[in-house]
Amino acid sequence: MRTFVPSTGEPRWTAAVGAEAVLAADDMAVYVLTKDDRLRAVGRSDAKVRWTVPLDKPFRKANLPGVIAHGRLVLGTYDGNVLAVRTADGRRAWDLRGQSDTIIRPACHGSTVYLHGKSMTARRITDGKELWTVRRRTLPIHLKGKPPYAEWGPVTATADALYATHEGYPGEPAYSAKWRPSDGHYVSGLRGRSNIYTPVIRQGNGLWMIADDEAGDVTAVNQEDGRQVATHTVGGDRQTLAADGNRVFVLSDASLYVLPVF
C-alpha cells in the first residue's frame, strides 16, 4: 500500500501490508481488506499494523468503501450484508445480514448510518439500534415471474436531507426523491432520471445523478424544487460520479469529465 500527499501527489510511505482494497481512513489509521480476507488497520503516522482481525464468511466480500464515525467502521458487502467494527481494536460492534440482495454502500452523517437495499433504514452507528425504516414496495400479485420487491439505491446523507433512488415496478423507471433524516418521511420528488446503483450527489445548488439509460446521461436538478436544469451525455458502459470544490467529476470507462455546477 502506498500513501501520497494530496496537495502535491508526492509519495509519503509504502508498506507491505497484504492489502487487496482500501476501505476507509480516519486520523489514526487506514483500514484495508487483505488478500486473505482479513480486516487490517495500518497507522497513518508510521505505517505499522495496529490490528488484524479475521472476517466471518458473510462479510468476506467487504471490499467496498466504508464509513467511519464515533469509533466505528461500517462496511457493506457485495451480497447485501453489513458489518460494523470498533476502530480501536477491530472487534465487532454489530452486524446486519440480508439487508440487500446486491451491493451495500453505507452513508453516514453525525452519529447515524443510513443503509439501503430491501429497505431504507437509519441505524445508530455505535450499536446498530434501528431509528427508523422505510420498507420496500411489494409488487402486485399479477406480476408473476417478476422480483417480489423493488430495492432502494445508495443514500446520500446531509444535515437537512437524505437523497435516494427507489427502483420502480417492472416497466416503470426508477425515481429519486428527498427524504427527512429524522424519520425517513418523504419530502419531494426529483425530476431527474437516476439508476439505483449510484448515489445522488449534492454539489452547489444542484443534485447530480447518473440516468438509468444506455446513453450514460448525467442529470442535474435544482436542489430547492427538484426541477431538471441540465443533462450531460458522457457515453460509456460504466460511470462513476463524485463532486467537490464546486465541480462534478464523472469517470466514464477510461475518460474523466469535469462538469461545472450552478
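This report walks through the overall build of one protein chain and then looks at four of its loop residues.

**The whole chain**

First things first: this is a predicted model. Confidence across the protein chain averages a pLDDT of 88, and 91% of the residues score at least 70. One stretch to treat with care is residues 139–143, where pLDDT stays under 50. For that stretch, the model has 8 contacts beyond four places in sequence.

What is the chain built from? Strands, 25 of them, and 0 helices. Along the principal axes, the C-alpha atoms fit in a box of roughly 55 × 45 × 35 Å. The radius of gyration is 19 Å, which agrees with the value near 18 Å that a compact globule of 262 residues would have.

How much of the chain is buried? Buried residues account for 47% of the 262. On the outside, the protein chain exposes about 13,400 Å², and carbon and sulfur atoms supply 48% of that area. Looking at contacts with a separation of 6 or more, 35% come from residues 24 or more positions apart. As for charge, the chain carries 34 positive and 28 negative charges, and the mean positions of the two sets lie 5 Å apart.

**Four loop residues**

Here is how accessible each one is.

| Residue | Relative accessible area | Class |
|---|---|---|
| Asp37 | 30% | partly exposed |
| His70 | 53% | exposed |
| Gly236 | 33% | partly exposed |
| Gly245 | 60% | exposed |

Let's start with backbone angles. Most residues other than glycine have a negative phi. Asp37 goes the other way, with a positive phi near 60 degrees. You'll find Asp37 in the loop between β4 (29–34) and β5 (38–43). His70 isn't a glycine either, yet its phi is positive at about 50 degrees. This residue sits in the loop between β7 (67–69) and β8 (72–76). Why does His70 count as exposed? Because its relative accessible area of 53% is over the 50% cut-off.

Now for the two glycines. Gly236 belongs to the loop that links β22 (228–233) and β23 (239–244). Its C-alpha atom is 40 Å from that of Val49, and 187 residues separate the pair along the chain. Gly245 comes in the loop between β23 and β24 (247–252). Which distance separates the C-alpha atoms of Gly245 and Gln203? They are 8.3 Å apart, with their positions 42 residues apart along the chain.

Terms used: Residues numbered from 1 in each chain as written. Predicted model: local features only at pLDDT ≥ 70, side-chain atom pairs only at ≥ 80, totals over all residues. Heavy atoms only, no water. Helix = DSSP H or I, 4+ residues; strand = E, 2+ residues; numbered from the N terminus. Rg over C-alpha atoms; globule rule 2.2 N^0.38 Å. Buried < 20%, exposed > 50% of the residue type's maximum accessible area, 1.4 Å probe, protein only. Contact = heavy atoms within 4.5 Å. Areas by Shrake-Rupley, 256 points an atom, 1.4 Å probe, with all protein chains shown as cover. Lys, Arg positive; Asp, Glu negative; His and termini not counted. Charge placed at Lys NZ, Arg CZ, Asp CG, Glu CD. pLDDT = per-residue confidence, 0-100.
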